[in-house]
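Here is a short report on one protein chain. Keep the structure open as you read.

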Amino acid sequence: MAIKKSNKVAASQAATIKKLLKRCSSLGKKNQGNCYFSDVPKGHFPVYVGQQRSRYVVPIAWLAHPEFQTLLQLAEEEFGFEHEMGLTIPCDEAVFQSLISMFR
């Protein structure tokens, strides 16, 4: 039973990541002149964090980290993935900075 549940969670996370990658890659193609995405290098995507919605440009490779996947799930539950500016992560900025310092 536990194995089926973990497979279901992994499949859900994979689907979420695929949605995010598809959205980010299509935004980069459609909005080359858009000030929100014109400075995002290939292999990266913007996220907005904290009450002030501070912008971070993060590498796609971070999507493989379980901690970042948890943040993606929280973002999907709270906001969905349909944003004009980019992905909004419902997390305190200090917590986010602490978390991403482990990825570097």
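## Order of the elements

Read from the N terminus, the chain runs α-β-β-α-β-α. That makes three helices and three strands. The model is predicted.

The chain has 104 residues, and 35% of them are buried. Its accessible surface comes to about 6,800 Å². Carbon and sulfur atoms account for 56% of that surface. Now take the contacts between residues at least 6 apart in sequence: 51% of them join residues at least 24 apart.

## The nonpolar core

Nonpolar side chains tend to be buried together in soluble globular proteins. Which residues have the most contacts inside the largest nonpolar core here? They are Val-47, Val-58, Phe-68, Ile-89 and Phe-96. The core has 18 residues. Five elements each give two or more residues to this core: β1 (44-49), β2 (54-59), α2, β3 (87-89) and α3 (93-103).

Val-58 shows how such a residue is surrounded. Leave aside its neighbours within four places in sequence. Val-58 is then in contact with Gly-43, His-44, Phe-45, Val-47, Phe-68 and Phe-96. Among these, Val-47, Phe-68 and Phe-96 are also on the list of residues with the most contacts inside the core.

## Two helices packed together

Two packed helices are described by the angle between their axes and the distance between the axes. For α2 and α3, the angle is about 145° and the axes are 10 Å apart. From α2, the contact uses Glu-67, Phe-68 and Leu-71. From α3, it uses Phe-96, Leu-99 and Phe-103. By class, this contact has five nonpolar residues, one charged residue and no polar ones.

## Two glutamines in α2

Helix α2 covers residues 66-78, and Gln-69 is in it. Is Gln-69 buried or exposed? Its relative accessible area is 14%, and buried means under 20%, so Gln-69 is buried. The side chain of Gln-69 reaches the backbone oxygen of Leu-63 at 2.9 Å.

Gln-73 lies in α2 too. Its relative accessibility is 24%. Partly exposed covers values between 20% and 50%, so Gln-73 counts as partly exposed. Pro-90 is 17 residues from Gln-73 in sequence. In space, the two are 10.0 Å apart, C-alpha to C-alpha.

## From the β1-β2 loop to α3

Arg-53 is in the loop between β1 and β2. This residue is not a glycine, yet it has a positive phi of about 55°. Arg-53 is partly exposed, with a relative accessible area of 38%.

Ser-54 is found in strand β2. Which side chain does the side chain of Ser-54 join in a polar contact of 2.9 Å? The partner is Glu-93, a residue of helix α3. Not counting residues up to four places away in sequence, Ser-54 touches Val-47, Tyr-48, Val-49 and Glu-93.

Glu-93 has a relative accessible area of 24% and is partly exposed. Leaving aside neighbours within four places in sequence, Glu-93 is in contact with Val-49, Gly-50, Ser-54 and Tyr-56. Gln-51 is 42 residues from Glu-93 in sequence. Their C-alpha atoms are 7.9 Å apart in space.

How values were computed. Residues numbered from 1 in each chain as written. Predicted model: local features only at pLDDT ≥ 70, side-chain atom pairs only at ≥ 80, totals over all residues. Heavy atoms only, no water. Helix = DSSP H or I, 4+ residues; strand = E, 2+ residues; numbered from the N terminus. Buried < 20%, exposed > 50% of the residue type's maximum accessible area, 1.4 Å probe, protein only. Contact = heavy atoms within 4.5 Å. Areas by Shrake-Rupley, 256 points an atom, 1.4 Å probe, with all protein chains shown as cover. Polar contact = N/O pair within 3.5 Å; in protein donor to acceptor, adjacent residues only side chain to side chain. Core = buried A, V, L, I, M, F, W, Y, C linked by side-chain atoms within 4.5 Å. Axes fitted to C-alpha atoms, helices over the stretch in contact; angles between N-to-C directions. Nonpolar A, V, L, I, M, F, W, Y, C, P; charged D, E, K, R; others polar.
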